[in-house]
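Work through the exercises below with the sequence and the model at hand. Each task is followed by a stepwise solution.

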Amino acid sequence: MAWSATVLTLFPEMFPGPLGLSLAGDALKRGAWSLDAYDIRNHGLGRHRAVDDTPAGGGAGMVIRADVLAAATDAVSPADDARPRLLMSPRGRPLTQARVRELAAGPGAVIVCGRFEGVDERVIEGRRLEEVSIGDYILSGGELAALVTIDACVRLLPGVMGKEVSGEDESFEGGLLEYPHYTRPRDWEGRAIPDVLLSGDHGRIARWRREQAEALTRARRPDLLK
Ligand code: SAH
């Protein structure tokens with residue numbers, strides 16, 4: 001079975017969006033992975049298919065109802081679904097390349113996108129949703145976070161990236177940010193490519209890249225070195 005993502009959203013038209021293009025899109029068309037965007041509103045209540053209500057205890061905004069979201073979740077992800085159920089949430093554990101690797105190695109993911117103020121806490125517990133954040137800022141909905149999460153996973157699936165891009169050398173993979181890249185022309189606006197990269201000495205090049213990666217990481221992301 002190909003890696004499969006099911007997204008629960010109030011805006012299914014947002015999918016596949018950018019994931020329909022480039023390498024991820026080609027792989028989607030080939031069936032190397034699958035994407036199903038499921039409308040939470042299919043389980044909305046009443047004539048207006050309501051999915052949300054005012055927050056208990058008062059305050060601004062609206063909250064997605066537990067009963068509606070649970071019914072939608074159950075419709076696409078039965079109790080024996082082997083895929084983890086993620087809830088995009090600024091309160092979640094920050095997404096890391098290590099977690100992305102785990103997700104990509106598994107059967108896929110069910111991804112719930114919040115909107116408004118968020119979702120009723122009880123459905124997070126009742127459907128064992130793992131809260132995942134893509135960073136310390138607030139988006140207007142979980143859809144972009146879901147696209148980010150899926151993109152990061154899909155590019156790791158076998159055969160999705162061209163074979164010249166291994167993914168092994170990227171930022172975060174070795175606990176370091178990546179070294180700088182250069183390509184033609186050799187001189188551009190008075191800036192030359194570092195000599196070592198043109199030396200043909202693979203040992204020296206590897207050492208230089210390692211030193212650059214370490215220096216960049218120390219300067220920009222000392223937290224990664226701990
Ligand atoms: N009231 C919430 C924010 C709601 S933002 C709070 O203060 O925590 C609306 C929805 O956007 C959220 O339910 C979530 O699904 C999504 N979202 C917003 N920021 C996000 C982030 N940094 N990472 C992942 N999802 C996010």
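**Exercise 1.** Which atom of the ligand lies 3.0 Å from a backbone N or O atom of L139?

Solution. The model is a predicted one. Start at L139: the partner of its backbone N or O atom, at 3.0 Å, is a nitrogen atom of the ligand. Next, take G135, where a backbone N or O atom is 2.9 Å from a ligand nitrogen. Then turn to S89, whose backbone N or O atom lies 3.2 Å from a nitrogen atom of the ligand. Finally, consider cover: on its own the ligand has 560 Å² of accessible area, and the protein covers 84% of this.

**Exercise 2.** Locate the ligand and describe the shell around it.

Solution. First, the site: the ligand sits in the largest pocket. Two elements, β5 (85-94) and β7 (130-133), each give two or more residues to the shell. Of these, β5 supplies the largest share, three residues. Next, list the neighbours: 19 residues surround the ligand, and the closest are M88, G114, E117, G135 and Y137. Last, sort the shell by type, which gives nine nonpolar, eight polar and two charged residues.

**Exercise 3.** Which residue forms a salt bridge with R65, and which parts of the chain does the pair tie together?

Solution. Apply the cut-off of 4 Å between a side-chain nitrogen of Lys or Arg and a carboxyl oxygen of Asp or Glu. The count for the model is then 14 salt bridges. For R65 the partner is D53, with the closest N and O atoms 3.9 Å apart. Now place both residues: R65 is in the loop between β4 (63-64) and α2 (66-76), and D53 is in strand β3 (residues 52-53), so the pair ties together parts twelve residues apart in sequence.

Technical notes. Residues numbered from 1 in each chain as written. Predicted model: local features only at pLDDT ≥ 70, side-chain atom pairs only at ≥ 80, totals over all residues. Heavy atoms only, no water. Near = heavy atom within 4 Å. Polar contact = N/O pair within 3.5 Å; in protein donor to acceptor, adjacent residues only side chain to side chain. Areas by Shrake-Rupley, 256 points an atom, 1.4 Å probe, with all protein chains shown as cover. 1 Å grid on protein atoms, 1.4 Å probe; cavity = no way out; pocket = protein on both sides within 12 Å on 5 of 7 lines; lining within 4 Å. Sits in = over half its atoms within 2 Å of the grid points. Helix = DSSP H or I, 4+ residues; strand = E, 2+ residues; numbered from the N terminus. Nonpolar A, V, L, I, M, F, W, Y, C, P; charged D, E, K, R; others polar.
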